[in-house]
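Please walk through this structure with me, pocket by pocket, and then turn to a single side chain.

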Amino acid sequence: MVSSSRIVSVLLFSSVAWGVTIQKWGDIPQAGITQNTDGNFTYNNTDAQTGGFILSSNIFFQNSNANLNIRTNISGNWNGQNATGLIFNGTNGGNNNGKYTFNKGNISFFIDSSGIKTFGQGGYFQLSGGSSLDINANLTITSSANSNFRDVGLFGVDGSTLKITDADLKIDLSNTTSPNIFRLQNNSTVEINTGGNKAGQNIFLKGGIEVKNTSSFTLNLSNQNSYYEGTISLQDNAKFTLNLSNSSATFTTYSQMGNGVNSTLSLENSSTLNSTIIGN
């Protein structure tokens, strides 16, 4: 009996350690993710929707210790695709009535978009038409050197809301040319690390932030492991708030156009901010 018990324990452990592989988003169980899950998605603009490669629903973890690792290889001509997201597409009136959630768990994306010829109007993760996305999962996003984040943002937020709270966040696009992490327009709102445990979350961001058309962006960096580096571009009554506590940030360039821009920069507890300022 003791020997059999040991064998069963080993088999159960191996099942959790190995995890599963998915071929499309629809392969994730409706009940949620319970074990480590890997996906390798290769697609272009023509087979993106029919192949189930663009996510338009929640990511739900039953096991908050599980890891979801997705590698995307995206190619094709996306011109004329309107505001369709290349990886995630959230619209008001679509799935979940426009309200989306990535709950507690661990998510990692690696993006290779070197094969894309032209872009549409959407970002890689696109929110449009009054939709909202709440991310409470630890999130890591990196990319290949030849991927393009200049023409579109990693997160394109158009008249919508994105909140990433009570989670670690690492986005590093520094090996690409002129990358934009966040692009906000048309009265959008983005809030990063505004939850009750700000000091307990590690936030590491390398890439640009563009805010315009009365949109609002708030970022809290609240410990020594948190850092931001990138360009800041503010236009058309944009509101930008950066709160540093025992952390640091570098604006490779900071520019604002228009007298209606409202920018608030707060530093405390030995924080540092380096910036090259362009414009008024």
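**Two pockets and a buried asparagine**

The lining of the second largest pocket is made up of three nonpolar, seven polar and five charged residues. The model in which this pocket appears is a predicted one, and the space inside the second largest pocket comes to about 170 Å³. Of the 15 residues that line the second largest pocket, those closest to its centre are Gln121, Gly153, Gly156, Arg183 and Gln185. Two strands are worth tracing here, since β10 (155–158) and β13 (180–185) each contribute at least two residues to the lining of this second pocket.

The largest pocket can be read in the same way. Its volume is about 330 Å³, and of the 18 residues that line this largest pocket, Trp25, Ile28, Leu55, Ser57 and Asn58 are the closest to its centre. When the lining of the largest pocket is divided by residue character, nine residues are nonpolar, nine are polar and none is charged, whereas the lining of the second largest pocket includes five charged residues.

From the pockets we can move to one residue in a strand. Asn89 is part of strand β4, which covers residues 88–91. Is Asn89 buried or exposed? Asn89 has a relative accessible area of 15%, and because buried means under 20% relative accessible area, Asn89 counts as buried. A polar atom of the Asn89 side chain lies 2.9 Å from the backbone nitrogen of Gly85, a separation to look for when the side chain of Asn89 is displayed together with the backbone of Gly85.

Technical notes:
Residues are numbered from 1 along each chain as its sequence is written. This is a predicted model: local features need pLDDT of at least 70, side-chain atom pairs count only at pLDDT 80 or more; totals for chains, interfaces and linings use all residues. Side-chain values use heavy atoms; hydrogens and water are left out. Helices (H or I, at least four residues) and strands (E, at least two) are DSSP runs, numbered from the N terminus. Buried means under 20% relative accessible area, exposed over 50%, partly exposed in between (1.4 Å probe, protein chains only). A polar contact is a pair of N or O atoms within 3.5 Å; within protein, one must be able to donate a hydrogen and the other to accept it, and residues adjacent in sequence count only if both atoms are side-chain atoms. On a 1 Å grid over the protein atoms alone, a cavity is a set of points where a 1.4 Å probe fits but cannot get out, and a pocket is an open set with protein on both sides within 12 Å along at least five of seven lines; lining residues have an atom within 4 Å of a point. Grid points are joined across faces, edges and corners, and a volume is the space filled by probe spheres set on the points. Ala, Val, Leu, Ile, Met, Phe, Trp, Tyr, Cys and Pro count as nonpolar, Asp, Glu, Lys and Arg as charged, and the others, Gly among them, as polar.
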